[in-house]
Every structure is written in C-alpha cells, then in structure tokens.
Amino acid sequence: MSITNNRHAIAIFALHLTTTLSASSSFSLPCPSPPPPSSRVRRRRPTVIATPPTPSIRACSFLRSSSSSSSTVPPTSSLSDDDGNDDDPPPSSSSSSSSSSSSSSWWKDYKFNDPHLAHSVIGDFPILSTRFDADGKMTSSSSLVDDERDAGGGGGTGGGKADRRLIYLDSAATSHKPSVVTDALISYYETMNSNVHRGAHALSRESTEAYECARDKVASFVNARDRNEVIFTSGATEAINLVATSLSCREGGGREYRLIGEGDEILITEAEHHSNIVPWQMAASRTGATLRYVPASSVSDGFDVSALMGGLVNDRTKLVSIQHVSNVLGTINPIGDIVDYVRDNASPDVLILLDACQSVPHMKVDVRALGVDFVVASGHKMCGPTGIGFLWGREDVLNGMAPYKGGGEMIDEVYMDGSTYARSPARFEAGTPPIAQAIGLGAAIDYINGIGIDRIHEYEIELGDYLRRRLEDVEGVTVLGPRVGVERAALCSFVSDVVHPSDLGTFLDLEGVAIRSGHHCCQPLHRALGHSHSARASLYFYNTKEDVDDFVSALEGTLGFFRSLTSGTTVDGKDGNIVAETNDDDPFVPLF
Amino acid sequence: MLAAASLRRVARIAHSRCPAFAPVAVGDTNATAGGGRRGYHENIIEHYENPRNVGSLDKNDDDVGTGLVGAPACGDVMKLQIKVDENGIIQDSKFKTFGCGSAIASSSVATEWVKGKHVDEVLAIKNTDIAAHLKLPPVKLHCSMLAEDAIRASVNDWKAKKEAKNAAA
C-alpha cells in the first residue's frame, strides 16, 4: 500500500512539475548577477520599425491547440476597411482646413473618412444604450436608434427632450467594455474557474491555458520579443510602482540587483500623471537619488522636449520615465527622438519607462521600435476590465531586478533562512493573479484586433481633430494643448471664462453628457498652466460625430446660461470663480 | 509656490451691483429658450448671482475668527470669517470662495445664517440644512459640507484666539 501511495505521489509530482515548467519557458534559476556597467554598450533605438512577431510568440504558444478555453470573437458587424467608404467619398484633407475659419456651420456637412466605424460598434457596447428620463434617472434601452425619442416622455412639458441618451466623453478615465469582454469574464467564472499554475486537474489546466494565452495576446499586441516580458498587474499605476519599488529596495541575500542609489538621477516631467510622479518621489526619498523634472512647455503643448534635451540628462541619469500621450493636453510626444537622446547622454545603464496609458488603447505601440525598457498600460482604458494592466519590460532587465511583492508563485525554493526567486514574469506575479481580468483583457485585445488598431487610430486622428476644431469655434472656451491642425489624441481639456469646470460638468451631466472636470491627476501640470482645474472631453472609437455635435451644443447652451447670470460681474479669471472685491489687504490664495 | 500670473487669475473682481439689478427669473431653472434643460435651483442661482457678504475682515483683529478650508480634490477653497462681540454673538461675517456655483452659494448662505447667532449655536448648522435650502444636486453635497467645515473652523479660530488672550492676561 505504501508503494502504491509513493508511485501515486511521484506521478502527481511529475505532473505538477510538467505543468509548472510548461507555464514558464525555462527552469527557474537563481537570478544571475547583471554584468558590470563598464562592459555594456550604449544601446540605440533599433532602426527596424515594425517586424512581425518572432516564432517564439504564437497565439497561445505553449498551450495545446484546442480553442475551447478562449476563442477570438470578431465584432458583430462587418468591419473590413473596404466597407467604410462606399457611400461617402472621403473628403480631401484640405476641405476641413479651408472651411474652419469661414462659415460657422462648416461642421454640419462635414463627412468623416470612416463614418461607419463608430456606428458599427455601438451595438457591441450595452452601456452605450443608456438613456436618462425626464427626472434624470438612468434607463437601459434596447433601442439604439436615436430618432426613436419619446415625444413628451412621461407627460411633461411639450416640445422639450423628455429623455436623453448617454454621450460618454470620459474614455480617458475608463473605456466601456464590449459584450465579448463581459462574456469572457462570466465564461471564466462559470466554466473554468480555478487557480492557475498550481493544479493538476482539468479546470486548472483550462484556466492556466486561458490566462497564459492572454499573456501571449498582450505580448503580440505590443510586439514584445518574448512572452516572459509581459507581467500582469492591477493596472499601470501598480506597474510603475513595481519598477520604482524594485529599483529602489534593498534586498538581502547577497544578490546583485539593478538598483538606483544615492547620487543617481531620476528624470520625469511636470506634465506626468500623478501615478508617474509619486512612485518616483518615494523611490528618490528611499534611495537618496535626485528627482528632476522636465518643465512643462511654455506654449502648453506638454513637457518641454527641448528642455529635456538641453542639459537635464547627464551621466548620472539612471531612470527616465515619461508619458507617450498626455491625458490632459492630448500631446503625442516624440518618443523615438527622446530615446535616442537619452541613450546618447545618460548613464550607459539608464532605463527608460514609457507611460503608454493613453497610447496603447488608441494606436499601435511597438515596444521594440520605440526602444524603451519598460512600457506600462491599463487594461480598463482599452475595453478590458478594471483591475488589470501590464508591465512590458526587456527580459534581461527584468531578470536583473529585485522582486516587488513576495509570496507564492514568484519563488523558486523557500527555506526558513531565505528563498530564491523565479525568473520573469513569475518573479513579479506573487500570489493568485487577476485571472479573470487577464482573460477579459485578452478578449478586449481580440476585439480591438478584429477592428484593427490602425483603423481605430486613423478614425481617432480625424475625430480628435474634429473635436478640436469644433471647440475652437465655441466662444469663451480656451482649449489646452496643441493648436488646431497639430495631430493630437482624441481628447481636449478646456477652460471657460465664465463657468467653473465643475459647474460645466454638472450642467452637461444634466444633458446626458459625461465629461470630467478637475485636475485629471495632473496637479503640477495645471499649476504650470495657471489653471486650478479644467474640463476634459475624451473620446474613443465608439464616439460619433453626433456625440461631438451634441456635446458642443450642450456646452454652448450652458455657457450662454452662465453668461446671462454673471452679466453684473467683471471676470478677471479664467475659471469662473467668484472670489471677492480686492480692496482689502488680504489677497485670497487657494490652498494649493 | 504660486506664480504671480495664477494669483491674478484667482482674483476675480465683483463690482458692487446696481441695486436695481434683478436676479434672472429661473423659477424652474429651465431658463433656456428651448425649455427642458434642468440646472441649478433658483436659490443657488440667486446666491451665485448675488452672493451675500463677499469680502474680508481683519484677521488680526481679536474679535475675528477665520476659517480657511479646502478640498483640493475638487479644488474648492472657502474662507469664512466671523466678527464676534463680547457676548459671543456673531455681528458680521464675510466669505471668499474659490470654486463652483454650489460652493459659492453654500458659503454665501453660511454667512447669512451665522449672523446674529451665538458661536455655539452656529455649530449646530449642518451641511444637510444648507443643501436642502439650496436644493443642491446630490453630486454637490460636498460643497455644503465644506461650508459647514468653514463655519466650525472660524468659530474654533475665534475661540482659540480668545483663550490665548485670556491666558496671556
């Protein structure tokens, strides 16, 4: 009986070992010491731009070929590029620019190059059929046709809009999810829910396959060299904290890790999101490194690239962390040029982190072409669920970094007097991972690929330009960020001379328009721009021309209303705030 | 910490209003020609257009209590001051607010309500009373909370000054 039990135990152990080993592409070894800096060659950004994925990245590469666990579900509508332009010949690029300065109704006849994209996907997003009744209560309508408005609604005033549709212009904060993503979440919990990597049974195999398949999808989406370069986190904020903490923590055990130390410099910018500022402040405080900021541009286009290249980088610079696209200004930064400059002028072992939260959902981000060392992004901004994001990192860099969180999964061997750690990605995925969320993100990537990230990007270039031009025509509104005609993300932050952004948000909300008002987690940037807060409209590929038109109409109405109220007041400020007469000696200073 | 430019932007000058100026009639707040658009209640609009007691008292005055409260998350900042007589009755009150219409209205109401009351009595003023009077939208309740905090802060400041003065005497 004991022999049978032993054989049984050995069989189970062998199966477990097989499962564990197949989950990571190599044996777990103690982390090798990184070579000393002098032997490193300064790396330049590779000149090859877009290369197809290498053979090591295949969809669900390490899994068996069964597609039962996760399938690529194309969007419900036909979205080939050939369909878009059948009815509307694309206008020449000069047509919009020639009419923007003349008639104020240029926009009424304006036709998008790809007018069908948004309309064809709206049906995939149940939440976009939300409507508000006359009392402001939310209802979900199965009807997606906007001209089916109830006439008079619940017997109220005649002639007015009794119910309004949701116009969601806050996708920079979070995007909506298509049904395939929510279905994937439910499907995981209902058909394959099980902990990954550690089980020998069928459900565990299913969930592990689906989870690791999602990793492959992310790797392919950003053109990573290897699946081991993708680490799942709870979001971009955690990903940045992972890097900052790992590079700044002292870890015992005599292992040599890549670390930032006293006397080193960390360079970020004044335009960064707080999630790309505060972790570095903490890291600098822990290590004694110096934190430096590239100042915001005086022309409000983002951070001052010429200042970055004008002496802020030196041979003590060990870490540079910058945004790809500004979530406030919509500025798209010239990452390639910045990377080249940093590689030439910083310490030879400098690391460059790219905050790609506002770029990965909207345009092709090729980590190899960009030449950076880390990329972070959040799944919930790209049609994925909340609670998931990822860190992409160069494999050799990751394997030279100290762990971030300790616990199960990230270890190789655990003894009472110490432990050895697994290689990336397991090293940085302690504990039970966000399995369902990662699978949901995989489904979101499939959905986006089904439409085509390039098609989405092209549409948003035009949509963002259209939004910018429409806002340019609104009296009393100042749009922050790049001027008309400069390519930007499909988002606009703006201030008004008569209305506080918070009041704008409230009044637009009553019209069914969802924008965001505040500092958008960029207080230093707002201080540099001289505004306490701003209002922001941010779009995604499910927003239509009508969304922008209705938003501008509601905005003009709100501004007109407030203008009629404050006719007895001289406004000196831009933010619509009432402070006081200033005849006293106590000039009012806001707390921040 | 703040650039001079932003200080200028902060200071919005309100000229003294012509007494004949009447507030916009916004009984049901559907003030637009097309009708059907909801907005702030007329009480908020009234205080926004005609804020009461805007200004400053001398913060170095022993009889003046100054409460400066802020909510950096939404950016609203309120300064509310009270002038208290020897019996503890608030004789005058002034405010300055940096914020949205609801914040301005809440602090304006607060200065009206504290006048003529004893300092301990005004501590009973609750934000829900202010919100109910103004019919604040639910999302703006925090503005009335800020006004309640400003009242308390000004009373506490006056009391602290009084205690310090008594201790020194």
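Two strands count as paired if DSSP finds at least two bridges between them, and helices (H or I, at least four residues) and strands (E, at least two) are DSSP runs numbered from the N terminus. This is a predicted model, in which local features need pLDDT of at least 70 and side-chain atom pairs count only at pLDDT 80 or more, while totals for chains, interfaces and linings use all residues. Residues are numbered from 1 along each chain as its sequence is written, chains are lettered from A and ligands numbered from 1 in the order in which they are written, and side-chain values use heavy atoms, with hydrogens and water left out.

**Parallel strands around S8(A)**

Let's begin with strand S8 (residues 317-323) of chain A. Three bridges tie strand S6 (residues 265-269) of chain A to S8(A), and the two run parallel. Within that pairing, Glu265(A) sits opposite Thr317(A) of S8(A). S8(A) also pairs with strand S9 (residues 351-355) of chain A, in parallel and through five bridges; here Val320(A) faces Ile352(A) of S9(A). Seven of the seven residues of S8(A) are buried, so the strand is largely enclosed by the rest of the structure. Buried here means under 20% relative accessible area, with exposed over 50% and partly exposed in between (1.4 Å probe, protein chains only).

**The antiparallel sheet and its helices**

Chain A also has an open sheet of four strands, in the order S14-S15-S18-S17, with antiparallel pairing. Strands S14 (477-479) and S17 (516-518) of chain A are at the edges with a single partner strand each, so one side of each has no neighbour in the sheet. On average, neighbouring strands of this sheet are turned by 30° against each other, direction ignored. The angles come from axes, which are lines fitted to C-alpha atoms (for helices over the stretch in contact), and run from 0 to 180 degrees between N-to-C directions.

S17(A) and strand S18 (residues 534-538) of chain A run antiparallel and share three bridges. One bridge partner to look for is Ala535(A) in S18(A), which goes with Ser517(A).

H13(A) packs on this sheet, touching S14, S15 (491-496) and S18 of chain A, and its direction makes about 15° with that of S15(A). Touching, or contact, means heavy atoms within 4.5 Å. Helix H14 (residues 501-509) of chain A lies across S15, S17 and S18 of chain A, at about 45° to S18(A).

How does H13(A) compare with its expected span? The yardstick is 1.5 Å times one less than the number of residues. For the 20 residues of H13 (residues 453-472) of chain A that should be 28 Å, and the end C-alpha atoms are 28 Å apart, which agrees. Of those 20 residues, 16 are buried, so H13(A) is largely enclosed by the rest of the structure.

**Three buried polar residues**

| Residue | Place | Relative accessible area |
|---|---|---|
| Glu429(A) | loop between S13 (418-421) and H12 (435-451) of chain A | 6% |
| Asn223(A) | loop between H5 (202-221) and S5 (230-233) of chain A | 4% |
| Arg536(A) | strand S18 of chain A | 3% |

The side chains of Glu429(A) and Arg215(A) make a polar contact of 2.8 Å. Such a contact is a pair of N or O atoms within 3.5 Å; within protein, one must be able to donate a hydrogen and the other to accept it, and residues adjacent in sequence count only if both atoms are side-chain atoms. Leaving out residues up to four places away in sequence, Glu429(A) touches several others, including Tyr211(A), Phe232(A) and Glu409(A).

For Arg536(A), a polar atom of the side chain lies 3.0 Å from the backbone oxygen of Asn327(A). Beyond four places in sequence, Arg536(A) has contacts that include Asp170(A), Ser493(A) and His520(A).

**Backbone oddities**

Asn223(A) has a positive phi of about 60° though it is not a glycine. Lys135(B), also not a glycine, has a positive phi of about 55°. Over in the loop between S13 and H12 of chain A you'll find Pro425(A), and the peptide bond from Ser424(A) to Pro425(A) is cis, with omega near 0°.

**Nonpolar cores**

Which residues touch the most other members of the largest nonpolar core? Among its 155 residues, they are Phe541(A) and Phe551(A). H12(A) supplies the largest share, 11 residues. A core here is a set of buried Ala, Val, Leu, Ile, Met, Phe, Trp, Tyr and Cys residues joined through side-chain atoms within 4.5 Å.
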